[in-house]
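Work through the exercises below with the sequence and the model open. Each one sets a task and then solves it in steps.

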Amino acid sequence: MLSSTNAITPNGYIRFRDYLQKACGISLSDNKQYLVASRLGKVLERENFSKIEQLVDALERLGSSKLKEEVINAMTTNETLWFRDTHPFTILKNNILPEMTAAPLKIWSAASSTGQEPYSISMVIEEFKSTRPGVLKAGEKIVATDICTNILQHAKQGEYDSLAIARGLGADLQKRYFDKVNDLTWKIKPHLSSRVDFRYLNLIDSFAMLGKFDVIFCRNVLIYFTVDLKLDILKRMHASLKPGGYLFLGGSEALSGLSDHFEIVQCHPGIVYKSKAV
């Protein structure tokens with residue numbers, strides 16, 4: 001693998017950083033040369049590129065291509081676990097779902113990674129329905145999107161090894177909602193996966209085709225974008241919410257300059273943002 005010293009020149013790093021931001025919105029700071037080298041080293045070696053500039057030249061020349069897809073996949077962070085941060089899922093079950101029992105329920109899990117978030121949402125819906133027989137008769141749909149194509153394929157399969165299963169999932173839920181494939185692998189039950197629709201989506205592009213949602217989970221992804229792009233995405237997400245719909249952000253993320261679009265709902269513990277009419 002090529003080291004950052006050999007491959008990631010100062011000018012080349014700036015060019016790659018600019019390309020990546022334009023391609024998918026990810027904004028790298030000034031000191032991520034080692035990260036780029038470690039994640040793209042195999043690509044550089046395979047393509048026989050001694051400098052990152054050669055990779056950028058190829059990306060710009062080829063435009064939309066398999067190489068672009070591979071680079072974005074490599075540079076995307078896919079850290080996740082079941083019921084991450086806990087509070088959003090508790091708020092969904094106790095505060096939001098009771099409001100939405102009449103009309104068809106539609107939830108968007110943006111940057112869904114390997115599927116733990118949308119499947120966790122599906123489990124919450126199942127738990128809610130078990131305590132409220134007859135609710136949500138109009139149906140439920142979870143749209144799960146991500147920019148990383150190989151991660152989407154993994155999520156669609158709904159299969160997880162024992163280590164991934166153990167990250168945030170209790171033994172009771174594992175037994176209730178997963179089937180054992182073999183000694184090392186578990187698969188989400190069909191009645192949970194059937195309500196999840198996985199799709200490719202780059203958040204810098206339009207997502208109007210996804211329709212309107214009651215709830216949007218957009219957690220731990222906006223931190224990788226510039227302030228301007230983050231604001232643009234949040235405004236477009238507001239437009240994708242039904243009147244009075246809800247937005248969940250990550251624990252380290254917050255709305256800034258959008259008080260006319262959302263109101264903060266304190267749920268003790270945790271918060272959620274409710275859309276306002278603009």
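**Exercise 1. Decide whether Cys 148 is buried or exposed, and find its nearest cysteine sulfur.**

Step 1. Cys 148 has a relative accessible area of 1% and is therefore buried (buried means under 20% relative accessible area, exposed over 50%, partly exposed in between, with a 1.4 Å probe and protein chains only).

Step 2. The structure, a predicted model, holds zero disulfides (a disulfide is a pair of cysteine sulfur atoms within 2.5 Å). For Cys 148, the nearest cysteine sulfur belongs to Cys 24 and is 10 Å away.

Step 3. Cys 267 is in no disulfide either; its nearest cysteine sulfur, that of Cys 218, is 18 Å away. Cys 267 also counts as buried, at 15% relative accessibility.

Note on the model: residues are numbered from 1 along each chain as its sequence is written, and side-chain values use heavy atoms, with hydrogens and water left out. Because the model is predicted, local features need pLDDT of at least 70 and side-chain atom pairs count only at pLDDT 80 or more, while totals for chains, interfaces and linings use all residues.

**Exercise 2. Describe the largest pocket and its lining.**

Step 1. The largest pocket holds about 620 Å³ of space. A pocket is defined on a 1 Å grid over the protein atoms alone, as an open set of points where a 1.4 Å probe fits, with protein on both sides within 12 Å along at least five of seven lines; lining residues have an atom within 4 Å of a point. The volume is the space filled by probe spheres set on the points, which are joined across faces, edges and corners.

Step 2. The lining has 37 residues, and Thr 76, Thr 77, Asn 220, Val 221 and Tyr 224 are the closest to the centre.

Step 3. Sorted by class, the lining has 17 nonpolar, 13 polar and seven charged residues (Ala, Val, Leu, Ile, Met, Phe, Trp, Tyr, Cys and Pro are nonpolar, Asp, Glu, Lys and Arg charged, the others, Gly among them, polar).

Step 4. Helix 3 (33-46), helix 7 (116-131) and strand 2 (140-146) each supply at least two lining residues; helix 7 gives the most, with three. Helices (H or I, at least four residues) and strands (E, at least two) are DSSP runs, numbered from the N terminus.

**Exercise 3. Work out how strand 2 is placed.**

Step 1. Six of the seven residues of strand 2 are buried, so the strand is largely enclosed by the rest of the structure.

Step 2. Strand 2 runs parallel to strand 1 (residues 105-110), joined by five bridges (two strands pair if DSSP finds at least two bridges between them). Ile 142 in strand 2 stands opposite Ile 107.

**Exercise 4. Give the strand order of the open sheet of three strands, and name its edges.**

Step 1. The order is 3-5-4, with antiparallel pairing.

Step 2. Strand 3 (159-161) and strand 4 (178-180) stand at the edges; each has a single partner strand, so one side of each is left without a neighbour in the sheet.

Step 3. Strand 4 pairs with strand 5 (residues 185-188) over three bridges, and Asp 179 has Lys 187 in strand 5 as its bridge partner.
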